[in-house]
Structures are given as structure tokens and as C-alpha cells.
Amino acid sequence: MGERLVNSEANTKRIGFVEQCFGSSGQPLAIPNRILIGEGVLTKMCRKKLKPRQFFLFNDILVYGSIVISKKKYNRQHILQLENITLQALPDDVINGLYNGWQIKSPSKSFAIYAATVTEKTEWMSHINHCIHLLLTKHGRQSSTADPSPVWIPDSDALACMLCRRSEFSIINRRHHCRKCGIVCCNACTSKRWMLPQQSSKPLRVCLTCYDKLSYQDGPRAVAWEPESNYGYKDTASYYGNAETSGEDSSDSNSETSDEKSEERTMFYGGNGTQ
């Protein structure tokens with residue numbers, strides 16, 4: 001089926017429509033031998049709460065974005081290379097009402113997502129794993145040797161700093177995430193920064209425990225970055241930018257047009273990634 005899809009008019013139209021929905025804010029997606037395997041709405045665990053996201057599975061990448069107008073307009077496009085992805089099924093969390101979930105882990109970004117039904121979860125995980133298998137075996141792709149980025153612990157799971165356990169969070173005392181292990185800490189416990197090139201070209205916040213481990217692993221040649229001053233900015237937040245300092249995931253921004261829940265079900269087009 002994949003061989004018939006790759007050069008089919010239907011596949012070309014589907015990919016073109018996805019590009020159209022993301023508009024100029026998205027990257028071009030139409031390249032030779034790329035197949036749109038399936039698409040649908042899944043619920044992503046963001047930093048502050050669960051939010052619906054539109055996902056598109058291609059035979060070589062996983063694309064997702066925020067829903068502005070269902071089936072018409074998406075923004076905040078993210079692209080993950082399938083050969084660098086691993087999946088981990090999550091047990092149902094009856095207490096918090098979280099069902100049919102799994103984690104998507106990659107060096108650049110990791111997170112938990114949830115499907116509406118067990119069948120939908122099984123289909124998504126099966127198709128993604130099959131595409132990954134074909135990329136690594138049939139097409140000779142090499143997976144990244146870098147460690148996956150952490151799945152961030154939601155803000156609501158931490159009333160106080162998870163490192164010092166003394167600093168309680170409030171409107172003034174903000175939460176910050178360690179980019180190495182994903183725990184929620186106070187500002188003092190994430191005062192260090194470290195270059196994590198798989199995640200960003202800029203030094204990122206890490207907790208004091210991870211900072212010590214990274215320093216020990218890299219030895220005397222380690223280069224940890226800390227600002228000597230704010231270089232004319234009024235405060236540290238202005239220097240780093242609000243998103244960098246707070247640990248705000250770009251998909252968690254309050255500027256999104258809509259977080260409406262879509263009733264669109266997942267649709268797979270019969271392809272399994274074969275070329």
C-alpha cells in the first residue's frame with residue numbers, strides 16, 4: 001500500500017493540505033517519497049494542563065501543532081524525526097482521570113499524550129513503531145545516540161520545590177523546570193545553566209543535582225555558562241526571555257487562539273510506511 005501511496009495524487013493532496021493549514025508559519029512538508037500515514041487529534045500533557053493537539057504521522061517524521069480552527073488552521077508546528085523517537089506506554093491513571101496514554105521521547109523534545117480510546121492508542125503506537133522499524137532496517141537510518149530529553153513533570157504535581165523541598169510556589173515564587181531531568185524546582189535550585197545542544201542552541205536551566213552530575217561527567221574541560229551580568233537588562237527574566245526563564249513550553253503559550261476540543265477521530269490512510 002505504501003508504494004502505491006507515495007506517488008499517488010491523494011497523498012500529494014493530503015500533504016499539500018497540511019502545509020496549507022500551517023501556512024507560512026510551518027515548514028514545507030512535501031518531499032520525494034514522503035507519505036502521510038495518518039492524522040488525528042490527541043491530548044498532549046503540556047506544562048500547565050492537558051491540551052488538544054493535531055498530529056500528523058508521516059513515514060519519516062511526526063508533526064504536531066496547536067489547533068486554531070479544526071481542520072482549517074494550525075500553528076506552532078513541531079517536527080520530530082522518527083528515527084530518533086522511542087515510545088513508552090503509560091498505565092492508566094484512575095486518580096487523575098488519565099487513560100490510553102504513552103510517552104514520545106526524543107533528544108529534542110519528550111512528552112506524554114493521550115488517545116480517546118484504547119484502540120486509538122494501539123493504532124498510533126503500532127503505526128509509529130512500524131515506521132521507525134522500516135527507517136532503521138530497510139532504509140538504513142541511524143538513530144541518535146543522545147539521551148532523550150526529559151518528560152516534564154506538570155506544574156500541578158509540585159506544590160513546592162522538588163529539590164530543596166522547602167520553597168513553596170506562589171504567584172511570586174515561580175516554578176522552573178530542569179531541562180536535564182524534568183523536575184520542578186525553585187529559582188535558586190535551577191540557578192545554573194548548561195549547554196544541551198539537542199534541545200537548544202542556548203544554555204538551559206538545570207537543577208543543582210544535574211549540574212553537579214554534568215560537571216563530573218565532563219571533567220575539567222566542562223564548560224558551564226553563567227551570566228556575569230544582565231548586560232543592561234533590568235532583570236534576569238528580560239535577559240533570558242520569559243519563555244527561557246520560566247521553562248514555558250512554546251505549546252503552552254497563553255497567546256494561542258483556541259484550545260477547543262475537536263471531535264475529529266484519527267484516520268489512517270492504509271499506508272504502513274513501506275516504500
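## Salt bridges and buried positions

The side chains of D155 and R47 meet in a salt bridge, with 3.4 Å from N to O. A salt bridge here is a side-chain nitrogen of Lys or Arg within 4 Å of a carboxyl oxygen of Asp or Glu. The pair links distant parts of the chain, 108 residues apart. D155 sits in the loop between α3 and β8 (176-177), and R47 in the loop between β1 and β2. Helices (H or I, at least four residues) and strands (E, at least two) are DSSP runs, numbered from the N terminus. Both D155 and R47 are buried. Buried means under 20% relative accessible area, exposed over 50%, and partly exposed in between (1.4 Å probe, protein chains only).

This is a predicted model: local features need pLDDT of at least 70, side-chain atom pairs count only at pLDDT 80 or more, and totals for chains, interfaces and linings use all residues. Residues are numbered from 1 along each chain as its sequence is written, and side-chain values use heavy atoms, with hydrogens and water left out.

The salt-bridge rule gives a count of four. The table lists three, including the pair above.

| Acid | Base | Closest N and O atoms |
|---|---|---|
| D155 | R47 | 3.4 Å |
| D60 | R34 | 2.8 Å |
| E83 | R141 | 3.1 Å |

D60 forms its salt bridge with R34. D60 lies in the loop between β2 (50-58) and β3 (61-69), and R34 in the loop between α2 (9-22) and β1 (36-45), so the pair ties together parts that are 26 residues apart in sequence. D60 and R34 are buried.

E83 forms a salt bridge with R141. This pair also links distant parts of the chain, 58 residues apart. E83 is in the loop between β4 (73-81) and β5 (86-89). R141 is in the loop between α3 and β8. E83 is buried, at 11% relative accessible area, whereas R141 is partly exposed, at 30%.

Another acidic residue, E120, is found in helix α3 (residues 118-137). E120 is buried, with a relative accessible area of 3%. Leaving aside neighbours within four places in sequence, E120 is in contact (heavy atoms within 4.5 Å) with V41, A115, R265 and T266.

Helix α4 spans residues 208-218, with C210, Y211 and L214 buried. Seen down the axis of α4, the buried residues fall within an arc of 105 degrees, so they line one face of the helix. The arc is that of the directions from the helix axis to the C-beta atoms. On the other side of α4, D212, K213 and Y216 are exposed. The cover over the buried residues of α4 includes β10 (192-195) and β11 (203-206).
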